[in-house]
Each structure stands twice: as C-alpha cells, then as structure tokens.
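Trainee: Got a minute to go through this one with me? I'd like to start with the sheets and then get to the helices and the interface.
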Amino acid sequence: MVYKFGNRVRNAAIALLVGASVALGSAGTTSAGTDIAGKKVIFIPIAMGISLTEGWARRMKEDAALHGYTLEIRDPAFSSSAMAELLAKAISEKPDVLVVHNPTVQLLARQIKQAEAAGIKVLQLNLQSNQPSSAFVGANWTRIGHDVAEDIVKECGAGSGKSGKVAIIPGQLTAADSVMLNDAAFKVFKDHPEIQVVSNQASDWEPEKARQITATVLQQHPDLCAIFGHWDVHTMGAGHAVKDAGLEDKVLVYATGGGDNVTCKAVEDKILDRVWSYDADGQGRDAATMIDLLLQGASAKDGSMLSVDSPLKIIKAGPTYDPSLCWKM
Amino acid sequence: MSAQIDFASLPKQHVPLWVVSPRRILADILAKGWIESTIPFLALLCVLVGIALTTNDYFSPANLQNLAQYSADGGLVVLALLIVVAAGGIDLSVGSNFAMSAFVALYCFHILGLPVPAVLALTLAAGAAVGIANGIVAGLLGCGALLTTLGTMITVRALFALAAQAELVEISTSSRTDDLWDWIGFEKFLSVPIGAWCLITVSVLVFVLFRQLRFGWHILAVGGNRKAARHGGIPVRTTVFLAYLLAGLIVGLAGFLFAARQNSISVADTGIGMEFFALTALVVGLGGFVPGKGSPVTALIGFATIYLLNNAMINAGYRGDFVQIWMGGIIILILTIDVRFRKNRHRLLASTYLDPVALDAGSVQGMNGLMPNEMEPKLSAAEILASGRVDGPEDVILDAEGNLYCGNRNGCILKIAAPAYTDVSVLAKIGGRPLGLAFDREGRIVTCVAGMGLIRVTMEGAVELLTDETSRSLFSVQDDTAIRMADDLDIGPDGTIYFTDATKRYDIDNWGLDLLEGRPNGRLLSFDPKTRKTRTVCDNLLFPNGVCLTHDGKHLLVASTWACSILIFDLARLSDGPRVFLNGLPGYPDNINRASDGGYWVALAGMRNPVFDKVLKHPELRRRMTRRVPPTNWLFGNLNIGGVLKTDGLGKVVDALWDAPDGPLYMITSMREHEGSLFLGGVTNDKIGRLALEGADARWTGPASYWGRTG
C-alpha cells in the first residue's frame, strides 16, 4: 500500500510561488537563472558520504549549475564542534543563502539567529533547530511519529495477541527528528497502555551501536513486538540484530529515512519491515527550489518560516512491496 | 735600564671591527636553543602560506576572529596535556574530562539555573576532580600514567554518556539565556574573542610557570629524570599529582568555554578523539613525545599547524574523510622531516661550525743564526723539577721567596716550596683549568681559569671569582658575554688586570680547532678591582695569548699565537688599538714575561713549518680536511716541540733557547726568570724545567720588578 500525499506545499510557499512567477512574468524574462546567477550558497550537512546528504547535494548542484549560482559544501564529518565552526566561517563569508542540517535542535540555534540578523537567509534542511529561520524543507516528523505509532498500536496493541513491547532507537536524543518523533509517538502510546516502551537509547546514528542496543534488548525481552528506529541507516544495525536472533518474522522493524535503493534492499532482505521514506531525492529538489526562491528574495509576509513538507512514501515488506518507491544515486 | 718604546712609530695592526661570515651565522643560529622548533615553525609557515595562496579572505579579520573563538578550547587542552607530558606522564582522559566539564557547565546553567560565576566554579571543580583522580592514582600511588588515564578516560566517558542521555533533551529545550553566558561564548573584548583571551592568559601563565616558578622547574626536573629529581630532594609524587590537577583545571576551563559557546553537547562526539588531537599537536610541536620540556610556544605552534590545516581543508569543501587522510599524511611528513632534522642538527652544526679563513703569518724574520739548526739546544741542560708531580703547568710563577706556583689539569694551584722544589702542596682548589698567573700588589695570585674566568687566590688558599663575563659584542648571534677561555693576564701599575680570552668559539679541550679556523676569535679584556667592572679592551684578535706589562709600565705586550706575532698596546690610549711589537716569529708564541735585563722572554708553544703555513693559506682545504679526514690524520701545527726566545726591550730577538729533539721539555708555554734562573712550564708537561742563566742579574725577581723590592 502506498500513501501518496503529493506535494504539500504550505500556503505561504504557494502564495510565494505564484507571486514569484508573477514577478518574473512582469519582468518579461523567460529564464529563472538570470537574476540569481553569481549568488553564493553554502551547504553544511552533518556529514557527507551518506545517501541522504549526497542525494540532496546532487539535486542542489544540478540546480546551481542550471541557474549559475555557486554552491559550496563544507563537510564536518559528524563532528558537531567542527560544524559550529564551519558555520561561523560561512557566516563571516556572508553568502546569500546558508543551508544547514541541524544535528540537534540547540547546537546551531544561536548561529542561525546571528546569520539571519546579518541578512543571510538560512534554509534548514530536514532537521530543524529551536531557532526558526527563513525557510525549512523536510519531513513532517510529527506526522511520521504519529503514523508509525498508530501502525505499531495496530500491530502490537490490544487484540493483536502480541506483547506490546516496543524498543525505540533514536539517532540522537536532541536531534529534531528524535524529539518530534518521540513526542508524537508517546502521545499515541499514552492512549494505549498495553504498549510498553522497553528501551529508548540513542545510537548516535551508528548501525553498530544500534545493533548492540537491540541485541541487549532482545535478550531481556525475547517477546519484543516492534522496533522503532528513527533513521534507516542505523536501524539496519538493529534489523541485523533481530535477524541474528532469528526473530525477523516476529519483531517488526520500523524506520524512517531518505529511501534510496539500499533501504529497499534492506526491506527485501527482511532487515527492515516498514520504512516511512521522506524521499531524499525529492527533498533535494524541493531544497533546490527553495534556494531559488530565497535567492529571488522570497520571504513569508509575517516573517515566519517558509516551510515545505516532504511527501512521504511508505515502503512495506510483504505482497504490496514496490521497489520503485526507492530512488537510486 | 728599560728601553724607551716609540709606540707611534710601530706598524699598526689591523683589527676587524666585526667578523661577518654567513657560515658562522648559520652555525651560531644552529647552536641556538630555539632552533629545535624550526621545522614545526616552518611547517606552520608553509601551512599559512599555502592557505593564503589557495583561499580568498581566509585571513580576513572576521575569520581570524572565528578561528580565535573556536580554537581556544582545543589550545587549552593542548596546554593541559603539555603540563602532564612535561612531568613525564600522559593524559588520555582530557577528551572525556572536556566533555564532562562541558556537561557540568550546561547542567549547572540550564537545569540548576545557577549564576554564571558559580557555573564556572563548579565546572573548574569538575575538571579538577578528574585531575585529582588521575593525580592520586598515577602520581601519589605511582601507577602507570597510560593505564590510569585510560581508565579515567573510559570511566568519565561512560559517566558523561549516562548523565548526558538523561539530561540532554531537557538541556537542549531550555530557554535560559544570560548576558554574561552569551558574552563569554560569543562576544569579543578589544576585538578578540573571550575564549582567545583565556587561551592567551593561560599560555602566559604556563610560560611563566616553566620559566620562572619553582613548581614549573620541579615538573621539568621530574619529567626529565625522575630519579635525579628525587635525589635532588624534589617531592616527585606530589609534583606529578599537582601537574595532573593543574591539567584537569585547565581542561575544566576549556569545557566551560566550549559549553558557553556551543550551548549544547553531543553524546556522540563532544571530546571524542580530542586526546589524540591534542597529542598530535604536542608531537608536531615538540618533535616527539618529550618529557621534561615545557615550551607552550612550540606546543601551540604544533596546535596551530594542525588546527589551521584541518580547518582550511574542511572549509575548502573537501570531504571529511578525505581531509583526515591528508591530515595524517601531512603530519607524518612534518614529523619525518622534523625527526631527521633534530637527529642531524648536531652533525650539521659540527660540519658548519668550523669556519676557516686564509691566514698568512708572513715569513720568519730576525732569526738569523738563531734557528734550531744553527745553534746548540740550550734547554737540554735544564734541570727537571717535580717530575711526575705536576700535571700541565701552563704557567709558572715565583714569589719573592722563590716558592714556585703553577696550575694543574685538576683545577688546583700548586705550591712547590723553595729551595729544594721537591715539596709539592695544593694551595687552592679552583676547578676549571688554571692557565696564566700573576701576583698583584698585595701578593695574591690572580689566575686565568679556562672555562671559569678570572680568579683571585690568597696565600691562605681562599678563592674568589673576580669576573666571568664581559659586555656582549655588537652583531653577535651567539651570546658571547661569558669568558670562555681566559688564558693569560698581567696587572697594570694601577691594579687593573689585563687578560685575554683566547677564543670565544672553542673550549680548552678543542682550542686546536681555533688554529684550523684561523679567525680572530679572541679578545683582550680588562678588570678593574676597584669598580669590579669588566671591559672589552680589544675584540677580534687572533688567539691572544700571553700578556706582559712592559718594564716601563706604560705598554702591554700581547702574544697573537696563530699570527706568530706580538702586539703592543699603549695603556694610556687603549682605544687606538694594537701595533706590532714583533712579528715573523719561527713558532707560535705563548706567554711573555719580563727578563732581568730589560728584555722579554717569549715561550714558543710550537714551531711553524712550511707545510702547515701553506695549509693555513687554504681555508677550503682545511674545511674539507676536517669534514672528511679523521682528526688523528689532520695536518696540524707542530705543537709538541718549542723553545724560548729572548728579546731586547724593543722587540729584537737576541737569543733562543731550544729544546733538543728528544726533549726534555717539549711544548713550552711559559717561563719565569728568578734570581738568575729560568723556570719553564708546559701545558702538557708533567714537570718544570730550571735553567741557570749565564750573566743574568742573580737578585732579580718578578714581584720586585712589578711591585718594588719586597722583604
């Protein structure tokens, strides 16, 4: 089964698209690239070398080449202190747009504020900060958390005949996705006392750590019903632990992720069972579009954050499995 | 009786104002202590130039401020590690301690809501607590530093992970702000970020600690040699304990700055790998893992090198793992060059130190009928005194009673009692290598001691250092204030002591290299006992050796050994420089002393020969020889046979006393006339010679000649 939400662009963004096209039309230009050529965009991800960020970077680079603005990528390689410093340097270079991928809701908050104050538009990609900025493109974590929790309740809750035990494996407790996913999920679980969260330990985004956590949890709770991993990459470690314990048919492994073909392969191999994909490839394109708009001077009328929710694809093992839901690098 | 010396009519001796030689400058620089950090410094320079060439506005003021702001906590951790390593330990727990301190700061600020000064105090206490734990186990209990800090590293990291997992969400959703907190984390004072001020302050304190403070010296002593430090009375364990404590405090401060700046921590990466980053910085700066070395400047040079390299590469947009590969490669390259350089520096120094120049002493003059092949060897008639009981009497001197005094190789002044000259006793133990001797007006011996300076010895054996340094000469790379090889002296009528520092570049053990160099490396100094001031009378003389006040008390004779000449100074006009009293000697003149007939005795320590005269004219030959040929095979001056010349009062050679080819006195470096006899000493001899002089004044003594008849 596939849920297609379509492009859910919030009102402000729609209004803006319309406004922008009107503006462009009145200027009588046919190419969007002419007035943003030569502008400077800096992208600071948590780390390069993972499908998520590489997928975004590919689309943004294509867009930069098309429209003639420059896109520079600075790679802190999972080091949060390096990231903060890279951002400081980037701010002092005064680019037109900064694209940041917040590892936690707090780390870059002050700097985002500082950048916005200096007139740099900050686009937050997929993971939000406590500090709002010009724009956000990314998954609607609250919705995902809610939907996954509902699904878990359906599979493990009253009447399912299962234990109701759930293990949650966040990437980092203070990362935006984990904060919101947990928030939403616990709200759902609160109405279903039969669901029991037996573990909520962060993996630091590492598959190996997720594997160890899962192996321990499975020893303590062999009747575990579901695992909710917040990111597919590290959750694969958890899936392997389940498989190693020979429980792949009994424990449901849930994850969210960018949904590249590695994820589909994991579903085929019964490492993951259900993945809520926010489609990194599509996010890359959304981000590129948002960059274009920001470079053209777009902003929300009331100064609030322009926001684009990524459409979701649900990749599920079983007879409805559809490998075309995944994208390839 | 003394002849009238017409100073103005004598030929002037040219003395260079300063000696300029690129090779010498290189050698002098290589001998400097700070040259140790050349390669780290050059590496930093290369990194800076490389960054400047490949980037735009990396060194813009805004980015320099960023760098200063973000590097401060790393720099502090490097300094903390430096202190522990200097004490001979190692601290692997700095990264964990750093993370824990940052957590404590954030916890105190966001959860407990304490005022910022209290947050700082508690954070420092937390850092110090880890330092104390390390200090107790590694210092006081004496367990291995590596094992101990590995243990604390893991324990503290686990504590941090537990605590952070529990509190992190609450910390990151806290909305508390505080002006002082933000000021520390983000603001600048005099356009320098607050963190950087902390780093600067701590660096200066560490510098002062290792330079000036007793505790710093104790740390270095313990790190340099634990056993020796213990024997020296240093409380080793306490010192190590305090070093860890201090390091913990500094790490605590670093954690506090980090927390104030980032306002967040991450269980996954805060402080992870920091111990290795700091160790790498230290190794790059110090050229290895060297205990007993407390140099914050070099450590920070190493830190700046790898920090900037890393930062610039990341900023250039290279992938993180790619950057790490390059970092590794570049660090290995720097270390390889550095280790090679340090290993070979002394060789490079040795091969550049000797800096020969062409030297032409001119042909032998005024020796007609007086050369060894033209006359009898008069010294073969010398009587041998104290044979085997004196070791190296470079100079000999006699008091009014005829008692003989000389220095020896053990650093003593010996007294050989008249009249039998069989009773040898030690008058005074000085140390060093006593060379020239003179009696002052009060009957005390003043002696030049190579390696020490000018020393005065009373007849009771009391030793007093008069001077061991003079003013630094202009344009010298090496500090040449120390008197390196005080050689001979004489005392003017007003009590001023004139003495020679034969060479500023070589010690007593390798003065021979000064001959191979053939440069004017020596100087004539004076010491005024009334003002106790030492003055450089004339710099850049060619191995100034023997000094003798002329009979009229108005001039000073100074032997220039390698020039085979004797110079004369006018005491009334010393600044006019020397003139040539006598040149073209057949050998290398050493000490000069008065003769009873108004003339002078000149000791020849060795004889010239045409081959070596030729060698001295070819500096490149000498340079190649000293580099490629073992010292035992070098061409060298003939310094094992000599004699004594007698001149009249105006510098004409009138007689020569030669040794026979088979001795008995060989290298003669000094002679004194006393009541019709000539006493002969040699710097390598184990005896003193006495030769009866025909027709000499049998009542003449040196002290009487200088200070009037006594007794």
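Trainee: What's the strand order in the open six-stranded sheet of chain A?
Mentor: The order is S8-S7-S9-S10-S11-S13 (chain A), with mixed pairing. Strands here are DSSP E runs of at least two residues, helices are H or I runs of at least four, and both are numbered from the N terminus; two strands pair if DSSP finds at least two bridges between them. Keep in mind that this is a predicted model: local features need pLDDT of at least 70, side-chain atom pairs count only at pLDDT 80 or more, and totals for chains, interfaces and linings use all residues. Residues are numbered from 1 along each chain as its sequence is written, while chains are lettered from A and ligands numbered from 1 in the order in which they are written.

Trainee: Which strands are at the edges?
Mentor: S8 (196–200) and S13 (313–316) of chain A, each pairing on one side only. From one strand to the next, the twist averages 20°.

Trainee: And which helix packs on that sheet?
Mentor: H5 (residues 141–156) of chain A, which touches S7 (165–169), S9 (226–229), S10 and S11 of chain A. Its direction makes about 170° with that of S9(A). For contact, C-beta atoms placed from the backbone must lie within 7 Å; axes are lines fitted to C-alpha atoms, for helices over the stretch in contact, and angles run from 0 to 180 degrees between N-to-C directions.

Trainee: How do S10 and S11 of chain A run?
Mentor: They run parallel, joined by four bridges. Thr256(A) stands opposite Trp276(A) in S11(A).

Trainee: Switching to chain B: what's the order in its open sheet of four strands?
Mentor: S20-S21-S22-S23 (chain B), paired antiparallel. S20 (587–594) and S23 (653–658) of chain B are at the edges with a single partner strand each, so one side of each has no neighbour in the sheet.

Trainee: OK, helices. At what angle do H12 and H13 of chain B cross?
Mentor: Roughly 120°, with the axes coming within 7 Å. Their contact divides into eight nonpolar, five polar and no charged residues. Here Ala, Val, Leu, Ile, Met, Phe, Trp, Tyr, Cys and Pro count as nonpolar, Asp, Glu, Lys and Arg as charged, and the others, Gly among them, as polar.

Trainee: Last one: how many residues does each chain put into the contact?
Mentor: Chain B gives 25 residues and chain A gives 33 residues. On the chain B side, H3(B) brings the largest share, five residues. That side divides into eight nonpolar, 14 polar and three charged residues.

Definitions and conventions: Two residues are in contact if their C-beta atoms, placed from the backbone, lie within 7 Å.
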